[in-house]
Structures are given as structure tokens and as C-alpha cells.
Amino acid sequence: MAKRYLTSNQGAPVNDDQNSLSVGERGPILLEDIVFLEKISHFDRERIPERVVHAKGAGAFGFFIPYQSMASLTKANFLQDPGKKTPVFVRFSIAGSSVGGADTVRDIRGFAVKFYTEEGNYDLVGNHIPVFPIRDPIQFPDLFHALKPDPVTNVRGGPVAASRFWDFMSLRPESMNFLTYLFADNGTVKSYRTIQGYGVNTYSWVNLCGEEVYVKYHWEPCAGVEYIDSKTAVQLAGTDPDIASRDLFDTIAAGHTVEFEMRVQIMNIEAECEQPFDPLDPTKIWPENLFPLMSVGRMVLNKNPENFFVEVEQSAFSPAAIVPGIDFSNDRILQGRIFPYGDTQRYRIGVNYLELPTNMPRRSVENMMQDGAMQTLYNQGVVNYLPNTLGGGMPMEAPEKGKPAQKFVSGSVARQEIAGDNYYQARCRYRTMSVLERKHLVSNIVESLSQAYEPIQRRIIEHFLRTDSEFGSRIAQGINLII
Ligand code: HEM
């Protein structure tokens, strides 16, 4: 192995970086100890703010290949040719935990996929539970304040934490459907290889003729779906808290792949108002008997990151990263997600976050945005504005690919609650669960709710009873509440 000699960050030789420069053997350290000062100052700055949500995660690289052309539905370049390989980076995460949290605890898992397409990055930022607890993004900070630790003690267990959680949920009964997933065994996970993924929000696909359809995304794990029960989750949180991150890394390091199939549900735009549920409401699924799953392609993860901080911690996903052929619907949660991801990433990582290796598009970036902290890329020459003639008018505006979809909106400007049924899908889900699934769902809710204050227990029980009287009664009985 070739010899390598120690240097400072300035590249100067360092002869000793294990003993600080002191006056005599037992005297004070000198301010001129540039080796120590540089080393400790860099260490002091090793951390960047953790993500405000989904702070703990694990990632892997790989590729996506469509089985068939989706050209009749979308002009998205990476979905045109069966067999076309598009590189991807995926980050799995835990929504409510901080970076040091345990992998197995009851929570939403994030399932974020970055496709490095020839038309720019497409980020499909999803979760492992198909529905969301709220319908309006303005409530998102409240939701996560209620899920995160108590602001007085910074503690996430016990009566205060349980009361804060159930207080919020009982006042937002649109969370009922979501709760039937979170408190089923779906909420506790020991491997990212066996979770499902969902886009949750409704997106739209647009083809070359400008025809638009609504689309819901699903990821099905090729290794089969597997969750763990609450007891196992608690035990693993103590004995092997990083089990899911380790499992992902070790599987790939051993030469195996981790694979998921992309499936979609498609709905004609005109069918939106004919449904017995609101298709743009992310607290709802689209029933698969009405909107069958269509297999689109396979994602294969086969390469581990070489450095966690550089490639995973500094990775940045955003629902705003779309490509021609993929568009937003008016799903209010999705609308509310378009801005905050880039906003927090400019704060968390810095304005030039898209120049970092995981985030950088695999095609050239052409525009006149410049400078900012830690900038290393720059346009050649003196022409840094548009329109210009000095630069030959470059870069030119990109031609529209096919026809754009026609969108019309009208309505009066107001703050309006989105009306919607809160119980029907949760009821159907409860009633189609197996005896064992119901038992786990009830006992998991009881375990948490039994710690909450009584008035809050009474309020949420009302909603469980409205979902299904047997469901509500079993929970009330479990927490010894006379109703
Ligand atoms: C109003 C609703 C929402 C808001 C305001 C919101 C906001 C955010 C923010 C600010 C981050 C941190 C990003 C970063 O630091 O890089 C984040 C991360 C994330 N969000 Fe959301 N979110 C919302 C809803 C959702 C929904 C519905 C899903 C799933 C479909 C989701 C999935 C994720 C995932 C997976 C991450 C982690 C991405 C990663 O691995 O870096 N979020 N969200």
C-alpha cells in the first residue's frame, strides 16, 4: 500500500496530531496550536440540523426498469421504453424519531425515491402507510408537534406524551383511517426490505397529447410484506435499535439485491366527482376493486452508500422535483408539500444543496442562478443573465414536450375546511381484518391510550365507536372506561 502522510485541511504536513502544543509537559495549551485548533473547530461543526421530520434514515442506490411503455398515460421519459434503466437513490426513514431513535418503534416509515432521469430528477416522496392523518397542510406543524417529544421534558413516553398524541388525533377525526394502519402491526417494522410504499397523495400523469389522468403510486416489496408485533418491536428497540438500517446495508453488502415493484392506480379526471369518496383526500385509499393495480416496473437496490453523511444525511428529496409527464393534483396536502422541502433543505444543508453528489441531476444544469454559500459550479464567461445576445441567447427556453394539459380553476378565495367522511374506510378496514389483526390493533391502541388523560380517552373512544361499535367497545373495555 502506498504511503500517505498526514496533512492539515490546508494541505500542510502535520507531524503530530495526537499531542497538543503545551508549555512544558504539564502547562497550558498555546493558541498557536493550529493543528489542535483546526481539528477541534472542524469537529465542533460536524453536525448539520437533522431533518425536522423523518430525521433517522438509511439509503441505497440502484435502478428502475419499466416492464412496459406507459406512453399512453404519461410522456415521462423514464417510463417510455420497457427495459430502460434509470438510476435511483432511495431513503427509508422514520417520521417522528430523531436521528438516534430506534428503528422498530411505532411510526410512519418514509419511502423516498429519487429517479435520476434524462429530463432531471423525479422524486417520489412516499410513506409506508397509504393514508395520511390530516387533509390540510396548515395543520402539519401541529401534527408533528403532537407526535414529537413533550416540549417541557423532551420525553416521548408516558401519560403526557400519550395525552398529547390522542388529544390531537381526537380533535382531527379524519385521522381514523390512518390510526387503523399505524396501530396495526403495519406500524412496527424491523426491515425496510419488506415494507410497502405509497405515494399517498394523488398526482397526475400527462401524455404527449395533453391528456391527463390521476395516479396513485404503490411499491410492493418483492421479498413479501412483513411487519412485527408490538412486543418484538419494544424488545428490538432495546437490543438492536438500528436493525432496519443494518439489515438494508448488510443485505446489499452480502451481494443481494433489495427489490420493489412499482404499481399504479389510474383514475380518469372526469371520474373524480363520481366517487363515493374524495379521490384527492389523502386520508382515503382508492379501493383496488374499483381502481385495479397496474404493474409498471421494478426497482432494484444494489449499491450501498460509501459514506452515510455525504450521501444519505445530506440527501434531499422534494415533491417539487417533477419531470414532464408528471404533475400535481389539487390534493391540498400535496399542494402544501411543494414548497417546504426545498425551503428546509436550503436551511438544513445550504442554498447549493442540489450540487451535492446524491442530489445532483445526472444531466447538465443550465440556468443563470449563481453564487451562494459553498458554490463550486459556475457558468463560463461574462453572460450570466437572460435574455442575452452576447451569449447567443443561451440557454434557450426548453421546447414544450407534446401538448400541455389544460387546467381550469375557479372559486372564491376563502379558508375552508375540506368536508369528508371520517369513518367509512376505517370501518371497512376494521371489518375485513382477521381476528388476530383486530386483536393486535385493539391491544396496541389500548397500550398507548390507557396512559392518556380520561377526558381525552372519552373523546377518542367516541370516534372509535363511530368507526365500529365493536371496535370502540373493545378499546373502552381494554382501558377500563365505562361508556
Ligand atoms: C403537509 C404535509 C407535509 C409537509 C408540510 C411535509 C414536510 C416535510 C419536510 C419539511 C420534510 C423534511 C425534508 C428534509 O429536511 O429534507 C419532510 C420529509 C419527508 N416527508 Fe413530508 N411533509 C408532508 C407530508 C408528507 C406526506 C403525505 C408524505 C408521504 C406521502 C411525506 C413523506 C416524507 C418523507 C418520506 C420525508 C423524508 C424524505 C427523506 O428521506 O429525506 N410527507 N416532509
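**Exercise 1. Helix 6 and what follows it**

Task: In this predicted model, find the residue just after helix 6 that takes a positive phi, then work out which residues of helix 6 are buried and what covers them.

Solution:
- Step 1. Go to the end of helix 6, which spans residues 243-253. Just after this helix, Gly-255 has a positive phi of about 90°.
- Step 2. Now turn back to the helix and pick out its buried residues: Ile-243, Ala-244, Ser-245, Asp-247, Leu-248, Thr-251 and Ile-252.
- Step 3. Look at what lies over them. The cover includes strand 1 (56-66), strand 2 (86-94), helix 5 (230-239), strand 8 (258-268) and strand 9 (294-303).

**Exercise 2. Two residues with positive phi**

Task: Val-200 has a positive phi although it is not a glycine, and so does Met-374. Place each one and decide whether Val-200 is buried or exposed, and likewise Met-374.

Solution:
- Step 1. Val-200 sits in the loop between strand 5 (197-198) and strand 6 (203-206), with a phi of about 65°.
- Step 2. Buried means under 20% relative accessible area. Val-200 has 6% relative accessibility, so it counts as buried.
- Step 3. Met-374 belongs to the loop between helix 9 and helix 10, and its phi is about 60°.
- Step 4. Exposed means over 50%. Met-374 reaches 74% relative accessibility and therefore counts as exposed.

**Exercise 3. Around the ligand**

Task: Describe the shell around the ligand and identify the protein donor of its iron atom.

Solution:
- Step 1. Begin with the shell: 25 residues surround the ligand, and the closest are Arg-51, Arg-91, Tyr-341, Gln-345 and Arg-348. By class, the shell divides into 13 nonpolar, eight polar and four charged residues.
- Step 2. Next come the polar atoms. A side-chain N or O atom of Arg-91 is 2.7 Å from an oxygen atom of the ligand. For Arg-337, a side-chain N or O atom is 3.4 Å from a ligand nitrogen. Tyr-341 places a polar side-chain atom 2.8 Å from a nitrogen atom of the ligand.
- Step 3. Assign the shell to elements. Those giving two or more residues are strand 3 (109-117), strand 4 (120-127), helix 8 (332-337) and helix 9 (340-348). Helix 9 provides the largest share, five residues.
- Step 4. Finish at the metal. The only protein donor of the iron atom is Tyr-341, through its OH at 1.9 Å; this tyrosine is part of helix 9.

**Exercise 4. The loop between helix 9 and helix 10**

Task: Compare the surroundings of Asn-359 and Glu-417, and locate the cis peptide bonds that involve Pro-387 and Pro-395.

Solution:
- Step 1. Asn-359 is in this loop and is buried, with a relative accessible area of 0%. Its side chain reaches the backbone oxygen of Gln-314 at 2.9 Å.
- Step 2. Leaving aside residues up to four places away in sequence, Asn-359 touches Lys-114, Asn-121, Gln-314, Ser-315, Ala-316, Tyr-353 and Leu-354.
- Step 3. Glu-417 is also found in the loop, but counts as exposed because its relative accessibility is 61%. A polar contact of 2.8 Å links its side chain to that of Arg-172.
- Step 4. For the cis bonds, look at Leu-386 and Pro-387, where omega is about -5°, and at Met-394 and Pro-395, where omega is about -10°. Pro-387 lies in the loop between helix 9 and helix 10, as does Pro-395.

Technical notes:
Residues are numbered from 1 along each chain as its sequence is written. This is a predicted model: local features need pLDDT of at least 70, side-chain atom pairs count only at pLDDT 80 or more; totals for chains, interfaces and linings use all residues. Side-chain values use heavy atoms; hydrogens and water are left out. A residue is near a molecule or strand if one of its heavy atoms lies within 4 Å of it. A polar contact is a pair of N or O atoms within 3.5 Å; within protein, one must be able to donate a hydrogen and the other to accept it, and residues adjacent in sequence count only if both atoms are side-chain atoms. Helices (H or I, at least four residues) and strands (E, at least two) are DSSP runs, numbered from the N terminus. Ala, Val, Leu, Ile, Met, Phe, Trp, Tyr, Cys and Pro count as nonpolar, Asp, Glu, Lys and Arg as charged, and the others, Gly among them, as polar. Donors are N, O and S atoms within 2.8 Å of the metal (3.2 Å for Na, K and Ca); water is not among the atoms, so sites may look incomplete. Buried means under 20% relative accessible area, exposed over 50%, partly exposed in between (1.4 Å probe, protein chains only). Contact means heavy atoms within 4.5 Å.
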